[in-house]
Amino acid sequence: MVEHSAVNRRVVGSSPTRGATKAPKNWGFSVYMAHYIYILKSKTADKYYIGSSENPERRLEFHNTIEKGFTARNRPWEIVFTQEFTSKTVATKVERKIKSWKSRKMIERVINREIVI
C-alpha cells in the first residue's frame, strides 16, 4: 500500500508556491489610457515647445516650475494646443513627426488646426 500526502502540492493555491502569487499576464481586457501631445508657447520668448504626456496640465506646471534647460530659460509657458491619442506609442510618433518638421510655420498650422495629425 502507498501512503498519500494530505496536501496536494501540485494544486495552485494549496500552498504559497510561486505560481500562486503571480497574477496572469493577460487578464483578458485592456485599460484605455489616453495620451496627449501638447504645444506650449513661451509668453516671454515667442517660442514653441512640443511634448507628450498623460496629463498636459501637470506637465505645464512642471515646465513652469521644476524643469531645467530650454523650458526653464523661456518661462512662463502656456498650452496653446492639445490632442488626445489612444496610446503613448501613437502620441510619441506624432510628437516626433511635428518636431522633425523644424518649422514654426508648420507648428502654427497644427495649432490653428489647418493640418490634421
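Guide: Before we start, a word you'll need: two residues are in contact when heavy atoms of theirs lie within 4.5 Å. Also, keep in mind that this is a predicted model.

Visitor: Got it. Which elements does the protein have, and in what order do they run?

Guide: There are five helices and three strands. Starting at the N terminus, the order is α-β-β-α-α-β-α-α.

Visitor: Let's try helix H5. Which of its residues are buried?

Guide: In H5, which covers residues 104–111, the buried ones are Ile107, Val110 and Ile111.

Visitor: Why do they line one face of the helix?

Guide: Here's the general idea: an α-helix has 3.6 residues a turn, so residues three or four places apart point the same way. Now the case here: looking down the axis of H5, the buried residues fall within an arc of 100°, so they line one face.

Visitor: What do those buried residues pack against?

Guide: Strand S1 (35–42), strand S2 (48–53), strand S3 (77–85) and helix H4 (88–101). After H5 comes Arg113, with a positive phi near 60°.

Visitor: Now a loop residue. Is Asn74 buried or exposed?

Guide: A residue counts as buried when its relative accessible area is under 20%. Asn74 has 9%, so Asn74 is buried. You'll find Asn74 in the loop between helix H3 (70–73) and S3.

Visitor: Which residues does Asn74 touch?

Guide: Leaving out residues up to four places away in sequence, Asn74 touches Ser42, Thr44, Ala45 and Lys47.

Visitor: And how many of the protein's residues count as buried?

Guide: 25% of the 117 residues.

Conventions:
Residues are numbered from 1 along each chain as its sequence is written. This is a predicted model: local features need pLDDT of at least 70, side-chain atom pairs count only at pLDDT 80 or more; totals for chains, interfaces and linings use all residues. Side-chain values use heavy atoms; hydrogens and water are left out. Buried means under 20% relative accessible area, exposed over 50%, partly exposed in between (1.4 Å probe, protein chains only). Helices (H or I, at least four residues) and strands (E, at least two) are DSSP runs, numbered from the N terminus. The arc is that of the directions from the helix axis to the C-beta atoms.
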